[in-house]
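Student: I have just opened this one and would like a walk through it. Where should we begin?

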Amino acid sequence: MVHPDCRGTGIGTELMKAALAQADFPVLLTVDPNNALAVKFYQTLGLSIREHIRGFYRPHEDRSLMVYRSM
Ligand SMILES: CC(C)(COP(=O)(O)OP(=O)(O)OC[C@H]1O[C@@H](n2cnc3c(N)ncnc32)[C@H](O)[C@@H]1OP(=O)(O)O)[C@@H](O)C(=O)NCCC(=O)NCCS
């Protein structure tokens, strides 16, 4: 999580790029499908939504499973 005062300044993008550059593939992560900003953030980095999982954490907490493969 990037501190709220520092969001929108490129920190998250740089951290994710550094992590992806060192990762084994595929990279999988989950995100709240209602968190449009985060979904867009990950899509811009090259991740795509693989699956919508209902009740991932609790019955009312769905998640989108996102995947990143090496370019
Ligand atoms: C999602 C998150 C990690 C992004 O980190 P960040 O450092 O703010 O992202 P960046 O500054 O690299 O910006 C990435 C994009 O999101 C936009 N953006 C992200 N947060 C923003 C904010 N608070 N205000 C305005 N724009 C924002 C940027 O404009 C940018 O879009 P662009 O490339 O089209 O200009 C950060 O907002 C965060 O910690 N959010 C709360 C936790 C969360 O939702 N995590 C995801 C859960 S899986």
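Tutor: Let us begin with a term: two strands pair if DSSP finds at least two bridges between them. In this predicted model, five bridges join β2 to strand β3, residues 63-68, and the two run antiparallel.

Student: Which residue in β3 does Ile49 stand opposite?

Tutor: Ile49 stands opposite Met66.

Student: What is the order of the strands in the sheet?

Tutor: The sheet is open, has three strands and follows the order β1-β3-β2, with antiparallel pairing. β1 and β2 (48-53) stand at the edges, and each has a single partner strand, so one side of each is left without a neighbour in the sheet. On average, neighbouring strands of this sheet are turned by 25° against each other, direction ignored.

Student: And what holds strands of a sheet together in general?

Tutor: Strands of a sheet pair through backbone hydrogen bonds, either parallel or antiparallel.

Student: Back to this protein. How many helices and strands does it have?

Tutor: There are two helices and three strands. Along the sequence, they follow the pattern α-β-α-β-β.

Student: Where does α2 lie?

Tutor: Helix α2 lies across β1, β2 and β3, and runs at about 165° to β1.

Student: Is Leu29 buried, exposed or partly exposed, and why?

Tutor: Leu29, which is found in strand β1, is partly exposed because it has 14 other C-beta atoms within 10 Å; a residue needs 20 or more to be buried. Leu29 and Met66 are 37 residues apart in sequence, and their C-alpha atoms are 5.4 Å apart in space.

Student: What share of the protein is buried?

Tutor: Buried residues make up 6% of its 71 residues. The C-alpha atoms fill a box of roughly 35 × 30 × 15 Å, taken along the principal axes.

Student: Changing topic: which residues are closest to the ligand?

Tutor: The ligand is surrounded by 15 residues, and the closest are Arg7, Gly8, Gly12, Thr13 and Ala38. Helices α1 (11-22) and α2 (36-44) each supply at least two residues of this shell. The largest share, four residues, comes from α2.

Student: How many of the shell residues are nonpolar, polar or charged?

Tutor: By class, seven are nonpolar, seven are polar and one is charged.

Student: One last item. Which residues does the cis peptide bond join, and where is Pro26?

Tutor: The cis peptide bond joins Phe25 and Pro26, with omega at about 0°. Pro26 sits in the loop between α1 and β1 (27-31).

Terms used. Residues numbered from 1 in each chain as written. Predicted model: local features only at pLDDT ≥ 70, side-chain atom pairs only at ≥ 80, totals over all residues. Near = placed C-beta within 6 Å. Nonpolar A, V, L, I, M, F, W, Y, C, P; charged D, E, K, R; others polar. Buried ≥ 20, exposed ≤ 12 C-beta atoms within 10 Å, placed from the backbone. Axes fitted to C-alpha atoms, helices over the stretch in contact; angles between N-to-C directions. Contact = placed C-beta atoms within 7 Å.
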